[in-house]
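How does one read a structure step by step, from the meeting of its chains down to individual residues? The following explanation is intended as a guided walk for a reader who is new to the subject.

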Amino acid sequence: MKKFPIAATVAIFMLGAALIVAGGLGGEFRAIFLNATILCLSCIGVQ
Amino acid sequence: MGNTERLRNYVQIGAAVLQNSYFFKGLKFCPTPSLNCYACPLAVTACPMGSLQNLILKGYLPLAVTGFFVSLGAAVGRASCGWACPFGYVQELLGKLGRKKVRVSNEYGWLRYVILAVTALALPFILKSPIFCKLCPAGTLEAGIPLALLDEEIREIIGPLFWLKVGLLVAAVWAAVKIKRPFCRFVCPLGAIYSPFNRISALRMEVHGKCVRCDACKEICPVDMSIYEGPNSGACIRCMKCTGCSAVGVSFLGKEIIKAGREGRIGRAAYDRQR
């Protein structure tokens, strides 16, 4: 089977990095932090 | 136990401790590479599946979490399943309890894509609730049971769903004794996300032509696959246990880390020390 080109892998990695930056600028990390610090209680089946 | 396997053991223990080290809770903005419930009283980072569902149900387009999956997947494929997942490690330890394993084909791996699409994407969007979290056995083990044991108020609000979750955890534990890493192979939505990246990731498995196809690699493989059938298939968790055979190697960005076809034992004899 033909191998996937390394340059394309690097490009996909960079695309992921760009999405992380875009999400961060949109306040996504703050939302993740708030969500992770409140006790959501899904783990005991309650919300 | 080979050197790679010993290293992987240390990394798995280290990853479980780091993700649940209690201090540095300021890191909870950062998703971990593996399934690790952020409601665990010791957790310091965010579970990527929990974060994804909660962002979806709150109406966010989850760009950063998607980017995290894409970048990590492009770099190492499913290696985080094999090297950094505490629940995967628990399953491997449980697997050591049962000598006689029930063989289940990896063909049923499509189930985890259905679980991803339904419980982690569609239902959180429709019902505005993190449905996968409500069923996740890793969450029950790492957070549900410890919280119920530690907090009387939480014990008082426990309902039937908690006991369903405990039942699912018991089923997952029982299955892990009988079948190799069953949750990772057939259920885990995070594994489903990383799986397609195995084919394109910078970290790749290589099989040399001197492979004799003896299937000894399948016997020691934690996900029950023959590496020569598809070294970069979505089922592989990149644990590198099969590199004990000199016909199997690993490359990163095209550079050989472990050379496939190097001098050394091949086939069954190569794995004798790992059994």
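The paragraphs below treat the contact between the chains, the domains of chain B, a sheet, and some individual residues in turn.

The structure shown is a predicted model. A suitable place to begin is the meeting of the two chains. In this contact, 32 residues of chain A touch 47 residues of chain B. Two helices of chain A, α1 (6-25) and α2 (28-37), each provide at least two residues of the side that faces chain B. The largest share comes from α1(A), which contributes 14 residues. Sorted by class, the residues on this side of chain A comprise 21 nonpolar, ten polar and one charged.

The helix α2(A) deserves a further look. Its buried residues are E28(A), F29(A), A31(A), I32(A), N35(A) and A36(A). When the helix is viewed down its axis, these buried residues fall within an arc of 160°, and therefore they line one face of α2(A). What lies over them? The cover of the buried residues of α2(A) includes α1 of chain A, together with α2 (48-57) and α3 of chain B. Both chains thus appear in the list of elements that cover these residues.

Attention now turns to chain B, which is divided into domain 1 (3-195) and domain 2 (202-274). The C-alpha centres of these two domains of chain B are 26 Å apart. Their contact draws 20 residues from domain 1 and 16 residues from domain 2. On the side of domain 1 that touches domain 2, the elements giving two or more residues are α1 (3-19), α3 (63-76), α4 (79-83) and α11 of chain B. That side of domain 1 of chain B holds six nonpolar, six polar and eight charged residues.

Chain B also contains a sheet. As general background, the strands of a sheet pair through backbone hydrogen bonds, either parallel or antiparallel. Here three strands form an open sheet in the order β1-β2-β3 (chain B), and the pairing is antiparallel. Which strands stand at the edges? They are β1 (203-207) and β3 (255-258) of chain B; each has a single partner strand, so one side of each is left without a neighbour in the sheet. From one strand to the next, the twist averages 40°.

The pairings can be followed strand by strand. Five bridges connect β1(B) with β2 (residues 248-252) of chain B in the antiparallel sense. Within this pairing, R204(B) has S251(B) in β2(B) as its bridge partner, and L203(B) stands opposite F252(B) in β2(B). On the other pairing, β2(B) and β3(B) run antiparallel and are joined by three bridges. There, V250(B) has I258(B) in β3(B) as its bridge partner. The hairpin of β2(B) and β3(B) has two residues between the strands, and in this hairpin L253(B) takes a positive phi near 50°.

Positive phi values also occur in the loops of chain B. K128(B) is not a glycine, yet its phi is positive, at about 55°. This residue lies in the loop between α6 (110-127) and α7 (131-135) of chain B. Is K128(B) buried or exposed? K128(B) counts as exposed because 12 other C-beta atoms lie within 10 Å, and a residue is exposed if that number is 12 or fewer.

R181(B) is likewise a residue other than glycine with a positive phi, near 35°. R181(B) is found in the loop between α10 (160-178) and α11 of chain B. It has 28 C-beta neighbours inside 10 Å and therefore counts as buried, the cut-off for a buried residue being 20 or more.

The last stop is C188(B), in the loop between α11 (182-186) and α12 (189-194) of chain B. C188(B) is buried because 28 other C-beta atoms lie within 10 Å. Which residues does C188(B) contact, leaving aside its neighbours within four places in sequence? They are L35(B), R112(B) and F183(B). Separation along the chain and separation in space can also be set side by side. C188(B) and F132(B) are 56 residues apart in sequence, and their C-alpha atoms are 9.8 Å apart in space.

Conventions
Residues are numbered from 1 along each chain as its sequence is written. Chains are lettered from A and ligands numbered from 1 in the order in which they are written. This is a predicted model: local features need pLDDT of at least 70, side-chain atom pairs count only at pLDDT 80 or more; totals for chains, interfaces and linings use all residues. Two residues are in contact if their C-beta atoms, placed from the backbone, lie within 7 Å. Helices (H or I, at least four residues) and strands (E, at least two) are DSSP runs, numbered from the N terminus. Ala, Val, Leu, Ile, Met, Phe, Trp, Tyr, Cys and Pro count as nonpolar, Asp, Glu, Lys and Arg as charged, and the others, Gly among them, as polar. Domain bounds come from an automatic or database domain assignment. The arc is that of the directions from the helix axis to the C-beta atoms. Two strands pair if DSSP finds at least two bridges between them. Axes are lines fitted to C-alpha atoms, for helices over the stretch in contact, and angles run from 0 to 180 degrees between N-to-C directions.
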